[in-house]
Structure formats: structure tokens, C-alpha cells
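Q: Hi, could you walk me through this structure with me? I'd like to start with the ligand and then ask about a few other things.

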Amino acid sequence: MRQERPSLTKLLEIKYPILQGGMAWVADHTLAAAVSNAGGLGIIAGGSLTSEELLAEIHEVRKLTSNPFGVNIMLLSPFAEEQMEIVRKEKVPVVTTGAGSPSRFIDGLKSAGTKVIPVVASAGLAKRLEKQGVDAVIAEGMEAGGHIGKVTSMVLIPAVASATQIPVVAAGGIADGRGFVASLALGASGVQMGTRFICTSDCSAHIRYKEKILSSNELDTVVTGNANGHPVRAFRNRLTRYIEELEKRGERFEEIEKVAVGALKRAAKEGDVISGSLMAGQSSGLIKEVLSVSELIESIIEEAEEIIGHLGGMTKW
Ligand code: TUI
């Protein structure tokens, strides 16, 4: 049975239930404003910023859009605590979190009127966070890029939907209208996409990063870090091969971490596709062109409406 949940678009005061992932070194105020202006929810990535830089990004996004926007706080960041204070003071409309449980921050954010939407990688965490008062959850499958969990979107999304009554945002592996409709079928109220938004003309990521996504297929990403409990999905290159070698030798997490530090910035900003960390999801294999953010969002909605119309006539088995 389908449960009735609060509407995601009403909750977030947006036109379309499409969120843009808070990708470190990629999701700046320009991309976030473009997504919010196109009717989705743009999100500034806190993960690559100091607290002062985050404050400046919040001020900049407000100059470019009067629509709601969000900030993603990476809970492993040394600045997570300070950044939570900033988003509270600034009354940022939505906060998403990643890479852990935001339990200790929920009450403070809610009392500032901020909507709290954590990324979860299990139904158990989703249920606990619902009890603690979060407004929605993002169920991110392991097809996603960057720091990931262990469960695929196909299983995680319905598992989280069954375990909760708040809106579920599907993420991981979604790049077009087909993934959007599939997510709704699995019980989600909307989607979050990361990799797809990198290949937009509004995204400041280096052109070689975008070209890598455009020329890749669904087999070109690999997951490193499984052994140390911090799995990360990125394009296979010299860096991931070196990390795999260190892992095979049983090198300590701290040693491997040293190799990875700075690698994401090198990829996103300098276009170092050889030894940079080109974090990207498996959906890279589905992305064939750079579009503007508004063209992308409109095309996903149009394709979704077409598919839903078509599916309506498919029940004559
Ligand atoms: O956070 C992400 N993706 C990211 S963060 C990032 S920055 C980075 N830089 C260098 C190395 C590593 C990361 C790049 N990509 N996605 C959200 C996400 N959260 N995916 C999975 C989770 C998650 C996992 C476990 C959320 C909660 C969780 O809970 C464990 C617990 O505490 O119960």
C-alpha cells in the first residue's frame, strides 16, 4: 500500500521535486542559484569551505535568487559544527547532511526554522532520524559518486520508504526522466542528482571533468576505501589505482587519506583527470550532453510526464 506523505514541493516551497547534490568543490552559489531559479532546490556544498567562505557563499546565492536554497554540511568536515551555527544564524531554508548522523544538530536547526534533510544509507537510520524530527530524508544508493553507503538505490529507496512516513528523496544513479519516474515508483517523493548537474553550463567544474563524464560508460567508476570504512566512488585513474595498491599492502587509513587530500580540488578546479579524485556516480554512463540547468530540469519533467502517460497504458499484461 502506498502511504500518503507530506508533499515535498510544498514542504520546500519549490516547483519541481528535484534537488541538486551538495558536491564539494563543485556546488557553489552559481550552480545552486541556477537550480533554485529553475524550480528545483539548489544546494551549496559546505564540504570544501571554511566557515567564512560558507557565509560568503550564502550571501552570494541570495543576490542571485529569491527562491529557497539549501546548504549541505559534510559531517566529517572539521568545520561542521561552526557551519551549523552559520546556517542557523543566517536562517538558511534547508540543510542537508552527509556522511553520518546529524542527531545533535536537529533541534537547533529546527528552532531556527531550517528544514533538515539528512542523507541516509540505511532504513534504520532513516527511522531514528524521523523520530528525532527531521523533515525528510535522502536515500542515497551506492551508485552515487563520492562518499557512499553499501546498499543500491533499487533496494534502499523502498526500504527507507517502508520504514518512514516523511518524504523520501531518492539519490544515486539518477540522471534523466526515467530515473526520476523509477524513483517515484519505488516510493520516493522526489530526487537528488549530483553527477548530472556537473554536466551543465551553469556548473563551474573544470571542462575536463565534464568531458570525462560525457565520454564514460557505466563501468568506468570504482569504489576505493571499502577496507577502511570510508568507501568513495570516483572515475578509475592513476589515483584510484595507487589507492588500491596501498589498500592491498594494508596501509593505514591516515596514510591513504594523505594521498587523497587535495585530490578532489585538483580534479574539479584544475581538471587533473589523471591523478585527481574525479568523484562521480555510475549515472555518468547515461550523461551525453551539457545542458543549461533550466533545460535539464525542464527536459526531465517533460520526459517523466511522457513516461507516466505511457505506463498508464501498460497494465494489459
Ligand atoms: O556525503 C556524501 N558524499 C560525499 S561527501 C564528499 S567529501 C569527501 N572528500 C574526501 C573523502 C571523502 C569524502 C564526497 N562525497 N554523500 C552523502 C552520504 N552520506 N552518503 C552516504 C552517507 C551516509 C553514510 C552513513 C550517511 C549516514 C551514515 O550513517 C552512518 C551512521 O552514523 O549510522
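Q: What does the backbone of His-147 have 3.0 Å away from one of its N or O atoms?
A: In this predicted model, a nitrogen atom of the ligand lies 3.0 Å from a backbone N or O atom of His-147.

Q: And how much of the ligand's accessible area does the protein cover?
A: On its own the ligand has 720 Å² of accessible area, and the protein covers 70% of that.

Q: Which part of Glu-140 is 3.0 Å from a ligand nitrogen, side chain or backbone?
A: For Glu-140 it is an N or O atom in the side chain that is 3.0 Å from a nitrogen atom of the ligand, whereas for Ala-99 a polar backbone atom is 2.9 Å from a ligand nitrogen.

Q: How many residues surround the ligand?
A: There are 15 residues around the ligand, and the closest are Ala-99, Gly-100, Val-119, Glu-140 and His-147. By character, the shell divides into eight nonpolar residues, six polar ones and one charged one.

Q: Changing topic, how many disulfides are there in the whole structure?
A: A search of the whole structure finds zero disulfides. Cys-199, for instance, is in no disulfide, and the nearest cysteine sulfur, that of Cys-203, is 8.1 Å away.

Q: Why is there no bond for Cys-203?
A: The sulfur of Cys-203 is too far for a bond, because the closest cysteine sulfur, in Cys-199, is 8.1 Å away, while a disulfide needs the two sulfur atoms within 2.5 Å.

Q: Are those two cysteines buried or exposed?
A: Cys-199 is buried, with a relative accessible area of 0%, and Cys-203 is also buried, with a relative accessible area of 5%.

Methods: Residues numbered from 1 in each chain as written. Predicted model: local features only at pLDDT ≥ 70, side-chain atom pairs only at ≥ 80, totals over all residues. Heavy atoms only, no water. Near = heavy atom within 4 Å. Polar contact = N/O pair within 3.5 Å; in protein donor to acceptor, adjacent residues only side chain to side chain. Areas by Shrake-Rupley, 256 points an atom, 1.4 Å probe, with all protein chains shown as cover. Nonpolar A, V, L, I, M, F, W, Y, C, P; charged D, E, K, R; others polar. Buried < 20%, exposed > 50% of the residue type's maximum accessible area, 1.4 Å probe, protein only.
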